[in-house]
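Student: Take me through one part of this model in close detail, starting from a single polar residue and working outward. I am new to the structure, so please explain each term where you use it.

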Amino acid sequence: MRQLRESLLEELNSKNMLETIGTFNHLFRYSGTKEGEVAVSYLEEKLSEYGIPFEHCEYDGFFSIPVRAFAKVDGVEYPLVGDVYSAEADSLQGTLYYDSLSEEKGLTKNQEKDRFESFRDKIVLTWESKGVFVRRAMEAGAKAVLHICATKGDYIHHSNIGMIWGTPDFDEAAYMKFLPSAGIRRADGEALIEKMAAGEMDAEVTIEMETKIRRSSMVAVDIKGKSDSFVLVSGHYDSWYEGITDNAVSDAILLEYARVLYAHRSELKRGVRIAWWSGHSDGRFSGSTWYCDSHYADLRKNCVAHVNLDLTGCKNSEQIVARTAGSEGISYTADLIEKYTGKRPDVYIPMIRGADQSFWGAYVPITIMLKYEPLPEKRLSDCPSGGPWWHTPKDTIDKLDEKIMMRDAKINMEMLDDIQSAKMIPVNIPAFLEDLDGRLKKTLSGLAPEFDTTEICAEWNRTKEALEKAAERAESMEDSDLFLKETVGKLLHIVYCRKAPYLHDYGDGFGIFGAIGRCKGITKDNTPLDVYVMAGSEYLRMKNRLCMGLREIQEQAERI
């Protein structure tokens, strides 16, 4: 196995990766467009050249690309960037209103109610850009939202206000109605705030979008191993503009993985499936969601890990942080990161609700997407990866660092090989349970006394005991993959999600035990009565979902 690891790492060829990056450097790879399809054709041509069989996938998706946008205030024209799914506006006029509470944290439900009521018939200037905020502004009667880019300088990052994960179904269709919404440069936003201190100002907003259903292609490579289990490794090929670090470098790395791993396919214990998604940025993770839906039974039965590559090879990204669902324990990724960077992280970042994490319902026991970022003293912005060029026209080939590209290619390849070759995939059940235990206690401590936590605590303690005992027995199992999917994989779905496993949560913020945590800080005194009553209903249902899921895990653990 060590010999295979060395071969896999040594055979990664930077020239091959640079060829792909050079090709993608001339393509604006929007989903379902001519240049997006050219990118897929290139990948398929290279795979054919390497003699690697592949699956060509096609699906229809709701895609949205901004065309032009600007605001006129007091005779001055300010450039904007329309958000993905923004409604169009043709010289929309209204009073500009500054949402000063967007600078505050921890508002009560009563404060939020007053805040949104003040938006009625206004064009709202705010520091918030999330889809859930824009939707609430729309429901409150706002005319439009202009959100200020937090990054200093001449930047407006592309943003997405879609609430639906993937293509909507009938029940989700109502959430595909949107408000005109766009980003504005920080300096322009701050100048407008200063001007508004003298009194109300009128604004005029124009936003032109190209939002429609288009047919998009994707490609996947299924490299079979000795067992039916497989590791899914993926990245999105769609981009904003050339999108070199987001995500052409990762696409090139994945193509090189396909070449190297296919050459060693007879030596693989588990298979490796490599996929390039569309609809990541100009949709709402539409491609990976479609793939999960259309390959659900196979993923549910056989996928033991998902490793996602995003924002690799970016200059100034000298350190790596583990962003992971946490099941492997902090020491696993810390060992790898220390090996490749010389710096050992002491914490991990829980997996975000983004970056094509569309596979929770397939009960995947390991989910990892490493985060590549600057050293604190070299940080240029709060943007992901190396600098402020993220989601802007400045994400060009000069942002590529070849040395960091090879580092990122190797650390992920080593992780892939470690998972595929292990007798028991590297899940650390005791460490994972200890971590979850602390997070659950913190979540429950934030609930008011009227939200009874007795049943949750009892079921959680029984689950810990059952899984800890089963973990010892699992080490001697000949094939533990299915057991880990039905226990650890199921547990990840329960703690990270809200809906049934074959559905997808909304595309808003979430966190570990987030379904229960939505009621944090709610009391009868600080919440409108109707919202308080709904919170009681919400809590009971999410408590029942959590407790019943934990009981099912206990039963599964006790079977082995």
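Tutor: A polar contact is a pair of N or O atoms within 3.5 Å; within protein, one must be able to donate a hydrogen and the other to accept it, and residues adjacent in sequence count only if both atoms are side-chain atoms. This is a predicted model, in which local features need pLDDT of at least 70 and side-chain atom pairs count only at pLDDT 80 or more, while totals for chains, interfaces and linings use all residues. Residues are numbered from 1 along each chain as its sequence is written, and side-chain values use heavy atoms, with hydrogens and water left out.

The starting point is Ser31, in the loop between α2 (14–24) and α3 (34–49). Helices (H or I, at least four residues) and strands (E, at least two) are DSSP runs, numbered from the N terminus. From that loop, the side chain of Ser31 comes to 2.7 Å from the backbone nitrogen of Gly279. Is Ser31 buried or exposed? Ser31 is buried, at a relative accessible area of 0%; buried means under 20%, exposed over 50% and partly exposed in between, with a 1.4 Å probe and protein chains only. Leaving aside residues up to four places away in sequence, Ser31 touches Phe63, Arg214, Ser216, Asp238, Ser278, Gly279 and Asp282, where contact means heavy atoms within 4.5 Å.

Another buried polar residue is His236, which belongs to strand β8 (residues 230–236). Its relative accessible area is 1%, so His236 counts as buried. Which side chains does His236 meet in polar contacts? One is that of Asp246, at 2.9 Å, and another is that of Asp310, at 3.3 Å. Beyond four places in sequence, the residues touching His236 include Asn247, Asp251, Trp277, His280 and Asp356.

Asp246 and Asn247 lead on to helix α7 (residues 244–263). Of the 20 residues in α7, 18 are buried, and the helix is mostly covered. The expected span of a helix is 1.5 Å times one less than its number of residues; for α7 that gives 28 Å, and the end C-alpha atoms are 27 Å apart, which agrees.

Helix α7 also has a part in the nonpolar interior. A nonpolar core is a set of buried Ala, Val, Leu, Ile, Met, Phe, Trp, Tyr and Cys residues joined through side-chain atoms within 4.5 Å. The largest one here has 125 residues, and Tyr257, Ile274, Trp276 and Leu491 have the most contacts inside it. Helix α7 gives the most to this core, with twelve residues. Leu491 has contacts beyond four places in sequence with Phe432, Leu433, Leu436, Trp460, Leu467, Leu550 and Ile553. Another core lies apart from the largest one and has 21 residues, including Val73, Tyr78, Ile148 and Ile184. In soluble globular proteins, nonpolar side chains tend to be buried together.

Helix α8 (residues 286–294) has buried residues too: Ser286, Gly287, Ser288, Thr289, Tyr291 and Cys292. Among the elements that cover them are β1 (55–73), β7, β9 (271–277) and α9 (296–302).

Cys292 raises the matter of disulfides. A disulfide is a pair of cysteine sulfur atoms within 2.5 Å, and the structure holds zero of them. For Cys303, the nearest cysteine sulfur is that of Cys292, 9.1 Å away. For Cys497, the nearest is again that of Cys292, at 10 Å. Cys303 is buried at 1% relative accessible area, and Cys497 is buried at 5%.

Two of the strands that cover α8, β1 and β7, lead to the strand pairs; two strands pair if DSSP finds at least two bridges between them. Strand β1 runs antiparallel to β2 (residues 76–82), with four bridges joining them. Lys72 stands opposite Glu77 in that pair, and Asp74, in the hairpin, takes a positive phi near 55 degrees. On to β6 (residues 181–184), β2 has three bridges, again antiparallel, with Leu80 partnered by Ile184. Strand β7 (residues 201–223) is antiparallel to β3 (residues 89–98), over six bridges, and Gln93 has Glu204 as its bridge partner in β7. In the parallel sense, β3 pairs with β4 (residues 122–126) over four bridges, where Tyr97 stands opposite Val124.
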